Amino acid sequence: MKIRKAVFPVAGLGTRVLPATKAMPKEMLTIVDKPLIQYVVDEAKEAGIEHFIFVTGRNKGVIEDHFDRMYELDATLAARGKKAEQEILARDQPAAGAMSFTRQQAPLGLGHAVWCARDIVGNEPFAVILPDELVLNTPGCLAQMIEAAGKLGDKSNVIAVEEVPADLTHQYGICGVGKRLGSNMFEVDGMVEKPPKGTAPSNLSITGRYILQPEIFKILETQERGAGGEIQLTDAMIGLAKTQSFYGVEFEGERHDCGSKAGFLRANIAFGMARPDLRDGLRAEMKAYLEK
């Protein structure tokens, strides 16, 4: 499978981190010195994605601006001889025509957001990346998934999974484990969204990375609302699994839920400590703080 396109659902309201997201999209909150959305776009680039599709909502225009050129800033940096900063901006600048933006006019859930990208994706397999979930690892989570997908048939679907505590499975989408295909991949034997306590088929949760076939759009078109009164992507995947195979990939890396306040703070520390240019300074600051 050749995966050229990735969908980024960025229309959410970010209610878990209010008031920070009252006027700023949660995807533009910074982890160290980059916004969340830049991290996941970089992950997609590393995985070979060529076309980046953003499903946005009201007050999300700053995301589009972030990936545009700012001539005034470029000119100011050039005039002040700040070549390092210019190189950073040039590195993050996408190619012309590589990004598309479409609107989700109502907060109807992740499944509906993905469906809004149907005409841009077209009739080819694609990735879905949730921007508030970061995975700290090289290679990135999506690159690992695409490598795994290369060993599968053309009409295969792949989801990233990770272990969660058994007593918390009711908070996640959970998949069943079928035949093992190596150390980190298996056939998915059923999926359930937020199963009641004690009924989960495993403790492997479905995380925010997917490789899906375009037939998912037909299912999403008529998908009824599920948990939370929203159109759930997991429910549509359960429908697609009746005719196509799903595989789970237990990825390497540390996942961070940046949509929660505690997860956001943890991610800043983890990504800061992963930076050689910041590690010693951050460690010294933390030591000084803890010794107060």
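Where does Val32 lie? Select Val32 in your viewer and you will find it in the loop between β2 and β3 (34-35). One thing to keep in mind as you look around: this is a predicted model.

**Stop 1: two backbone oddities in loops**

Stay with Val32 and turn on the backbone. Most residues other than glycine have a negative phi. Val32 is not a glycine, yet its phi is positive, at about 65°. With a relative accessibility of 28%, Val32 counts as partly exposed, since the buried class ends at 20% and the exposed class begins over 50%.

Now jump to Asn59, in the loop between β4 and α2 (61-66). Asn59 also has a positive phi, about 65°, without being a glycine. Is Asn59 buried or exposed? Show the surface to see: Asn59 is exposed, with a relative accessible area of 62%.

**Stop 2: two cis peptide bonds**

Most peptide bonds are trans, so the next two selections are worth a look. Pick Leu18 and Pro19: the peptide bond joining them is cis, with omega about 5°. Pro19 sits in the loop between β1 and β2 (30-31).

Then pick Thr138 and Pro139. The bond from Thr138 to Pro139 is cis as well, and its omega is near 0°. You will find Pro139 in the loop between β7 (133-136) and α7 (141-149).

**Stop 3: strand β4 and its partners**

Select residues 51-56, which make up strand β4. How many of the residues of β4 are buried? Six of the six are, so β4 is largely enclosed by the rest of the structure.

Show the side chains of the strand. In a regular strand the side chains alternate between the two faces of the sheet. Here, His51, Ile53 and Val55 point one way from β4, while Phe52, Phe54 and Thr56 point the other way. Residues on both sides are buried.

Next, add the strands that pair with β4. Strand β1 (residues 5-9) runs parallel to β4 and is joined to it by five bridges. To line the two up, look for Pro9, which stands opposite Val55 in β4. Strand β5 (residues 99-103) is also parallel to β4, again with five bridges. There, the pair to pick is Thr56 and Arg103, which stand opposite each other.

**Stop 4: helices α3 and α4**

Select residues 71-79 for helix α3 and residues 83-92 for helix α4. Two packed helices are described by the angle between their axes and the distance between the axes. For α3 and α4 the angle is about 150° and the axes are 8 Å apart. The pair is therefore roughly antiparallel, a class that takes in angles over 145 degrees. Their crossing is left-handed.

Which residues meet here? From α3 come Leu73, Asp74, Leu77 and Ala78, and from α4 come Glu85, Gln86 and Leu89. By type, the residues of this contact are four nonpolar, one polar and two charged.

Before leaving α4, click on Asp92, which belongs to this helix. Asp92 is buried, with a relative accessible area of 14%. Setting aside neighbours within four places in sequence, Asp92 is in contact with Gln38, Asp42, Lys45 and Phe67.

**Stop 5: two residues of strand β8**

Move on to strand β8 (residues 156-163), where you will find Ser156. Ser156 is buried at 4% relative accessible area. Leaving out neighbours within four places in sequence, its contacts are Met1, Gln213, Ser245 and Tyr247.

Val158 is in β8 too. It is buried, and its relative accessible area is 0%. Beyond its neighbours within four places in sequence, Val158 is in contact with several residues, including Met145, Ala149, Leu152, Ile211 and Val249. For a distance to check in the viewer, take the C-alpha atoms of Val158 and Val188: they are 9.1 Å apart, with their positions 30 residues apart along the chain.

**Last stop: helices α10 and α11**

Finish with residues 261-273, helix α10, and residues 279-290, helix α11. These helices pack at an angle of about 135°, with their axes 8 Å apart. That angle makes α10 oblique to α11. At the contact, Ile269, Gly272 and Met273 in α10 meet Arg279, Leu282, Arg283 and Met286 in α11. These residues divide into four nonpolar, one polar and two charged.

Technical notes:
Residues numbered from 1 in each chain as written. Predicted model: local features only at pLDDT ≥ 70, side-chain atom pairs only at ≥ 80, totals over all residues. Heavy atoms only, no water. Axes fitted to C-alpha atoms, helices over the stretch in contact; angles between N-to-C directions. Helix = DSSP H or I, 4+ residues; strand = E, 2+ residues; numbered from the N terminus. Parallel < 35°, antiparallel > 145°, perpendicular 65-115°, else oblique. Left-handed = near helix turned anticlockwise from the far one by under 90°. Contact = heavy atoms within 4.5 Å. Nonpolar A, V, L, I, M, F, W, Y, C, P; charged D, E, K, R; others polar. Buried < 20%, exposed > 50% of the residue type's maximum accessible area, 1.4 Å probe, protein only. Pairing = 2+ DSSP bridges.
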